[in-house]
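Student: I would like a close look at a single part of this structure and at what surrounds that part. Please take the strands in turn and keep to what can be read from the model.

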Amino acid sequence: MIKRTVTIIISLVIVLTASGCSTYIHIAVPLPITEPGYQSDEVSIAVDLAGVKHIARTECPISISDPWPCKLIYSRVAVGLDKYSETAYSWLPISSDHIHDVDIGVTDGGTAYIVYRWDGRSGATVSSELYMMVSTAIGVPILVEGTYEAHGKPIVTARGSNVYVTYEVISGAHTRIRYRQLNNMAVGGWVDALAPTVDCEL
């Protein structure tokens with residue numbers, strides 16, 4: 001189905017008050033497709049403490065079958081932004097590359113971490129690598145996993161100022177699970193270290 005716009009409906013916003021919590025329904029916010037001939041494919045949303053919605057998504061050509069040369073889009077949605085939303089970043093890799101399996105996490109202070117799989121990158125040693133971008137340095141891809149082939153969709157979680165990603169890799173004949181602290185890349189390792197010869201999936 002051709003989608004000219006993506007409508008992200010933020011169904012519930014929680015407002016903290018001194019006496020307790022109240023809720024209200026936020027208006028639907030249309031996120032326009034960046035150019036004709038593309039359609040929305042994947043969408044991931046995270047919300048910071050200020051109530052700003054951080055959205056990572058892909059747009060893929062309507063006329064080309066998978067694997068598509070898809071765009072990576074990062075947007076913010078909040079009252080006060082132009083028409084309640086803004087597109088902070090839009091990137092289309094070269095046609096032989098494939099960006100997919102996007103997820104996003106955001107710190108309490110509003111720094112977003114966008115994680116995605118990048119297939120077919122020139123110079124890569126594995127067919128599918130895991131990359132991230134940070135909203136404070138948007139447009140600068142950072143390699144998260146290039147030793148093992150990434151597999152499946154990564155899961156990004158945030159707590160306070162820390163952001164983590166858990167993801168599957170192919171190691172030998174098995175599917176295994178690794179993790180990385182995105183705001184401190186020195187922290188990471190195997191989730192399934194006690195069972196390295198058993199297939200594990202997220």
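Tutor: What follows starts from one strand, β11, and works outward to the parts around it. The model is a predicted one.

β11 covers residues 128–134, and seven of its seven residues are buried. The burial applies to both faces of the strand. On one side lie Ser-128, Leu-130, Met-132 and Val-134, and on the other Glu-129, Tyr-131 and Met-133. Ser-128 and Glu-129 are thus listed among the buried residues along with Leu-130 and Val-134.

β11 pairs with β10 through seven bridges, and the two strands run antiparallel. In this pairing Ile-114 stands opposite Met-133. β11 also pairs with β12, residues 142–145, again antiparallel, through three bridges. There the bridge partner of Leu-130 is Glu-145 of β12.

The next point is the packing of side chains. The largest nonpolar core has 16 residues. Leu-72, Trp-91, Ile-104, Ile-114 and Tyr-116 are the members with the most contacts inside this core. β11 supplies at least two of the core residues, and so does each of β7, β8 (85–91), β9 (98–106) and β10 (112–119). A second core, separate from that one, has 13 residues, including Tyr-113, Leu-130, Val-165 and Tyr-167. Leu-130 of β11 is therefore a member of the second core, as buried nonpolar residues are grouped here by side-chain atoms within 4.5 Å.

Tyr-116 shows how the neighbourhood of β11 is arranged. Leaving out residues up to four places away in sequence, Tyr-116 touches Glu-129, Leu-130, Tyr-131, Met-132 and Met-133, among others. Its other contacts include Leu-72, Trp-91 and Pro-141, and also Ile-99, His-100, Asp-101 and Val-102.

Asp-101, one of those contacts of Tyr-116, lies in strand β9. Asp-101 has a positive phi of about 55 degrees, although this residue is not a glycine. With a relative accessible area of 14%, Asp-101 is buried, because the cut-off for that class is under 20%.

Pro-154 is a further neighbour of both Asp-101 and Leu-130. Its contacts, not counting residues up to four places away in sequence, also take in Asp-103, Val-115, Val-165, Thr-166 and Tyr-167. Pro-154 lies in strand β13 and counts as buried at 1% relative accessibility. Between Pro-154 and Leu-202 the C-alpha to C-alpha distance is 8.5 Å, with 48 residues separating them in sequence.

The strand that holds Pro-154 leads to a sheet. β13 belongs to an open sheet of four strands, in the order β13-β14-β15-β16, with antiparallel pairing. β13 (149–159) and β16 (188–190) are the edge strands, each pairing on one side only. With direction ignored, neighbouring strands of this sheet are turned by 20 degrees against each other on average. At the β16 edge, three bridges join that strand to β15, residues 174–181, in the antiparallel sense. One of the bridge pairs is Arg-178 with Trp-190 of β16.

β7, one of the strands that supply the largest core, leads back to an earlier part of the chain. β7 covers residues 71–77 and pairs with β6 in the antiparallel sense over seven bridges. In this pairing Lys-53 stands opposite Val-77. Nine of the nine residues of β6, residues 53–61, are buried, so β6 is largely enclosed by the rest of the structure. β6 also pairs with β5 (residues 38–47), antiparallel, over eight bridges, and Ser-44 stands opposite Ala-56 there. β5 and β6 form a hairpin with five residues between them, and Gly-51 in the turn has a positive phi of about 90 degrees.

One disulfide is found in a search of the whole structure. The disulfide joins Cys-60 to Cys-70, S to S 2.1 Å. Cys-60 lies in β6 and Cys-70 in the loop between β6 and β7, so the pair ties together parts that are 10 residues apart in sequence. The torsion about the S-S bond is about 105 degrees, so this disulfide is right-handed. Both Cys-60 and Cys-70 are buried.

Methods:
Residues numbered from 1 in each chain as written. Predicted model: local features only at pLDDT ≥ 70, side-chain atom pairs only at ≥ 80, totals over all residues. Heavy atoms only, no water. Buried < 20%, exposed > 50% of the residue type's maximum accessible area, 1.4 Å probe, protein only. Pairing = 2+ DSSP bridges. Axes fitted to C-alpha atoms, helices over the stretch in contact; angles between N-to-C directions. Contact = heavy atoms within 4.5 Å. Disulfide = S-S within 2.5 Å.
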